[in-house]
Structure formats: structure tokens, C-alpha cells
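This report describes how helices, strands and nonpolar cores are arranged in one protein chain. Please examine the sequence and structure shown here before reading on.

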Amino acid sequence: MLAVNKERVNNLLQGLAEFGKTEQGITRLAYSDDDRAAQEWLLAQIADLNLQVREDAVGNVFLRRVGEDESLPAVATGSHLDTVIHGGMYDGMCGVVGAIEALYMLRDVKLKRSVEVIIFRAEESSRFGFATIGSKLMTGNGSPVGFSKAAKKGELSFTEALANWGCDPERYAEAIVKPGTYKSFSEIHIEQGKVLEETGKQLGIVHNIAAPTRFKIHIKGMADHSGATPMGFRRDALVSGAKLILAVEAAATKEKDNGTVGTVGVVEVEPGSINVVPGGVTLWVDVRGVNNESIARTLEAIKAEAERVAASDGVAVELEMFTADKPVALSEELAHKLEGICEAEGIDYLHMNSGAGHDAMHMAKLAPTTMLFIPCKEGISHNPAEYAKLEDICRAIEVLAKLLEQEGNE
Ligand SMILES: [Zn+2]
């Protein structure tokens with residue numbers, strides 16, 4: 001196997017960062033002209049790899065190195081090129097560039113199976129309000145019409161953007177990939193958290209991807225004059241809401257050893273006036289974790305507390321659920337292989353979970369899937385200050401290349 005070429009990795013990352021560059025970071029939204037230009041530039045840089053290039057019915061791109069036995073399921077790897085508004089140059093790009101560099105490293109290695117680098121479209125939710133659209137459509141999850149529902153006024157809907165890209169939105173189902181097409185899928189990604197940096201580890205092996213349960217708590221009390229209504233005669237919805245914010249924190253804290261987290265990120269107060277006792281409050285709650293039972297216990301505890309507060313405070317409390325995704329368990333077998341590679345190479349790794357969503361969580365429905373996390377500075381991502389060290393990126397690429405070699409000959 002050839003050595004990782006740090007200069008090429010750096011040049012590809014720096015080159016991609018030019019597309020959608022603004023004074024406040026990179027804004028390269030999915031299906032935009034910048035998204036296409038970045039991809040075309042990248043493909044031109046790697047023409048010497050002689051990969052077969054194919055685009056599916058929704059714009060995902062597949063770069064295939066043909067193996068000795070084309071009848072075998074291919075080994076897949078990849079990530080995304082789109083960014084958030086004012087994003088950084090590593091989220092997604094490390095996985096695409098890393099996969100390509102791994103193919104350069106494997107140039108002189110015979111592989112039984114084909115290897116495919118997948119560039120997923122629209123991983124970020126910044127443009128259409130939905131995340132991981134490309135991989136969702138590959139796995140038969142959702143439709144262009146469904147992904148058009150959150151379209152902002154005056155901007156293209158997902159269906160329109162897809163048609164602009166050159167795809168026929170009605171033919172989206174042709175992008176669905178059958179299970180059995182791939183032997184495995186692996187994705188390099190920056191951690192987007194501080195765990196690796198704070199523990200001083202060089203690489204993360206990901207076992208589970210957390211999924212959010214999101215709901216609103218509506219509290220109905222009574223709006224009254226804040227001067228004329230004595231204490232004891234009030235039904236203050238915000239006071240009840242404050243108790244429930246603490247209840248969310250307490251319920252999630254009780255489950256912290258299971259990795260569950262709970263956040264109230266939005267508080268809406270009605271009427272929201274200095275001289276009126278709040279009559280109505282809505283709390284937006286996000287509970288996440290990797291352990292289904294732990295998430296269920298957290299939700300039960302919040303519900304029980306909501307009922308208790310409703311009874312004791314004389315307010316009406318109602319929960320409105322709007323997302324309840326299931327956490328995704330990645331392949332233990334692939335994690336074990338990564339562990340073996342790290343040990344052989346003397347790499348200081350950490351077993352961990354991902355708090356953020358990734359294309360890998362959908363690919364896990366198609367094939368055994370794994371993720372390799374790279375430490376990132378202060379855990380910052382979705383921000384121009386996003387940074388990962390070249391040596392950390394290249395270390396992950398070396399591990400990926402070894403995994404692809406094993407998988408490709410199995
Ligand atoms: Zn990403």
C-alpha cells in the first residue's frame with residue numbers, strides 16, 4: 001500500500017474550500033452552483049484515478065474503482081460536500097477527500113471487490129430544512145414532495161432544486177439502492193464534539209448514532225394583571241414552565257451514564273408583557289441518546305412531572321410530539337476491525353457514540369456501517385472556525401485504507 005500523501009489531502013481540502021467562500025466562512029448549499037462547481041473541480045483533480053463516475057436519480061455521485069470480481073457487493077465509503085450557511089471546510093469534506101486518498105493509497109493493491117466513493121447530496125438541513133436527504137432517498141426514506149414542505153418563501157423547493165440540478169423529481173425512486181448492493185459502508189468525519197480533544201485520543205471508533213426526540217410542551221394558565229392578582233390566586237404558565245425546564249434537566253441528568261441528553265432550547269411566552277402574569281407557555285424540547293430504553297425512561301419522567309405540575313399548579317399541560325427518531329447501532333464487527341488496525345498501528349483510539357446525525361445512519365440500513373471520528377479543535381463545527389489537524393485527518397485515512405483493503409479482499 002502507498003503512503004498517505006499529506007500534500008494532496010491538504011490541496012484537495014484547501015481547493016474545495018474556495019467554492020462558496022465568503023467573508024464569514026463557506027456557504028456551499030446543497031444543489032447550488034457552488035456545490036456543482038466544487039464537485040466538478042474535485043473530479044478533475046482526481047481524473048488520474050480513472051474511476052467510473054455515475055450520478056443517481058437524485059444527484060448522489062458514485063466513484064467506482066472496479067474490482068477483480070464485479071459480481072461481488074462493492075465496499076462503499078464517502079460523505080458530503082455541502083455546508084451550512086457560514087460553515088467550515090472539514091465537515092463532510094474530510095470523508096470525501098479521505099475516501100479518495102484511500103483509493104490513491106490502494107492503487108498498487110489488488111482488490112477482489114469494487115470500491116465506491118459516495119458523494120451524498122444535501123446532508124445539511126440548511127437549504128431545505130431536512131438533513132441527509134441524499135442518503136434518505138437512497139434508502140427509500142421520503143420523497144422530493146415531502147422534502148419540499150419546509151421550503152422558505154421566495155426560494156426554490158427541493159423538487160425545483162432537483163429539477164434545476166438536472167434530475168427528474170418524478171423518477172426519484174430509481175435512486176433507491178437494494179440491500180446487498182454493498183458489503184459495507186464507512187465514513188470519516190470530524191467529531192463535532194470535544195471528547196477526543198479532551199481525552200487526548202487520536203481517533204474515534206463510533207458505535208451508535210444518537211437520534212432526537214423533539215416535542216413541544218404547551219402550558220395553559222391564566223393571563224392576569226400582574227399588580228391586581230395576589231400571589232396564591234395565580235395560574236402562572238411560566239412558573240409552571242420553569243418547573244418543567246428543571247424537570248427536563250433532572251430527567252436527562254438521571255440518565256447521563258446512558259448518554260442521554262435533554263434540552264429546552266426555545267421558550268415562547270404569551271402574552272409576553274411585563275405587567276401580565278403569563279397565561280400561556282410553549283417549551284421546545286430536544287431529547288437525544290443512543291439507548292432506546294434510557295430515552296423512553298427520560299420521556300416518561302418528563303410526562304409524569306408534567307402531569308404532577310398540571311395538577312398542583314392548576315394549569316393545563318399538553319405534549320405535542322413532532323420527531324421521534326430511533327438511534328442507530330453501527331456495525332460491531334467493523335468497529336472490531338478498526339480496533340485491530342489501530343492496535344497494529346499504535347493509534348490511540350476511543351470507542352464512542354455520535355451525538356450528531358450522519359449519512360451513515362441511513363447507510364446502516366443497507367450494509368454493515370462504521371464511522372471514524374477525527375478530533376476537531378474545541379469541538380467547533382458548522383462555523384468558519386472549524387478545524388482539524390492534517391496529521392489527524394491523514395491518520396484516519398490510513399486506517400480507512402487498511403479497512404477498505406481488508407473489506408475489499410474478504
Ligand atoms: Zn457532516
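## A helix across a sheet

In this predicted model, helix H9, formed by residues 292-313, lies across strands E9, E11, E13 and E14. Relative to E14, helix H9 runs at about 160°. The four strands make up an open sheet in the order E11-E13-E9-E14, and their pairing is antiparallel. At the edges are strand E11 (261-270) and strand E14 (316-324), each of which pairs on one side only. On average, neighbouring strands of this sheet are turned by 20° against each other, if direction is ignored.

Within the sheet, strand E9 (residues 211-220) is joined to strand E13 (residues 280-289) by 10 bridges, in the antiparallel sense. One residue pair illustrates this: Lys216 has Trp284 of E13 as its bridge partner. In general, the strands of a sheet pair through backbone hydrogen bonds, either parallel or antiparallel.

## A hairpin

Strand E3 (residues 52-55) and strand E4 (residues 61-65) also pair in the antiparallel sense, over four bridges. Here Gln52 stands opposite Arg64, a residue of E4. The two strands, E3 and E4, form a hairpin with five residues between them. In the turn, Gly59 has a positive phi of about 95°.

## Two crossing helices

How do helix H10 and helix H12 lie relative to each other? The axes of H10 (residues 332-345) and H12 (residues 390-408) come within 10 Å and cross at roughly 125°. An angle between 115 and 145 degrees counts as oblique, and H10 and H12 are therefore oblique to each other. Their crossing is right-handed.

Helix H10 contributes Lys337, Leu338, Ile341 and Cys342 to the contact, while helix H12 contributes Val399, Lys402, Leu403 and Gln406.

## The nonpolar cores

The largest nonpolar core has 86 residues. Those with the most contacts inside this core are Cys94, Leu372, Ile374, Ala396, Ile397, Val399 and Leu400. Helix H3 (residues 93-105) supplies the largest share of the core, namely nine residues. Another core, of 19 residues, lies apart from the largest one; among its members are Ala252, Val281, Leu299 and Val317.

Which residues are in contact with Val399, leaving aside its neighbours within four places in sequence? They are Leu203, Leu338, Ile341, Cys342, Ile347 and Leu372. Val399 thus appears both among the residues with the most contacts inside the largest core and in the contact between H10 and H12.

Methods: Residues are numbered from 1 along each chain as its sequence is written. This is a predicted model: local features need pLDDT of at least 70, side-chain atom pairs count only at pLDDT 80 or more; totals for chains, interfaces and linings use all residues. A nonpolar core is a set of buried Ala, Val, Leu, Ile, Met, Phe, Trp, Tyr and Cys residues joined through C-beta atoms within 7 Å. A residue is buried if 20 or more other C-beta atoms lie within 10 Å of its own, exposed if 12 or fewer, and partly exposed in between; C-beta atoms are placed from the backbone. Two residues are in contact if their C-beta atoms, placed from the backbone, lie within 7 Å. Two strands pair if DSSP finds at least two bridges between them. Axes are lines fitted to C-alpha atoms, for helices over the stretch in contact, and angles run from 0 to 180 degrees between N-to-C directions. Angles under 35 degrees count as roughly parallel, over 145 as roughly antiparallel, 65 to 115 as roughly perpendicular and the rest as oblique. A crossing is left-handed if the near helix is turned anticlockwise from the far one by less than a right angle, and right-handed if clockwise.
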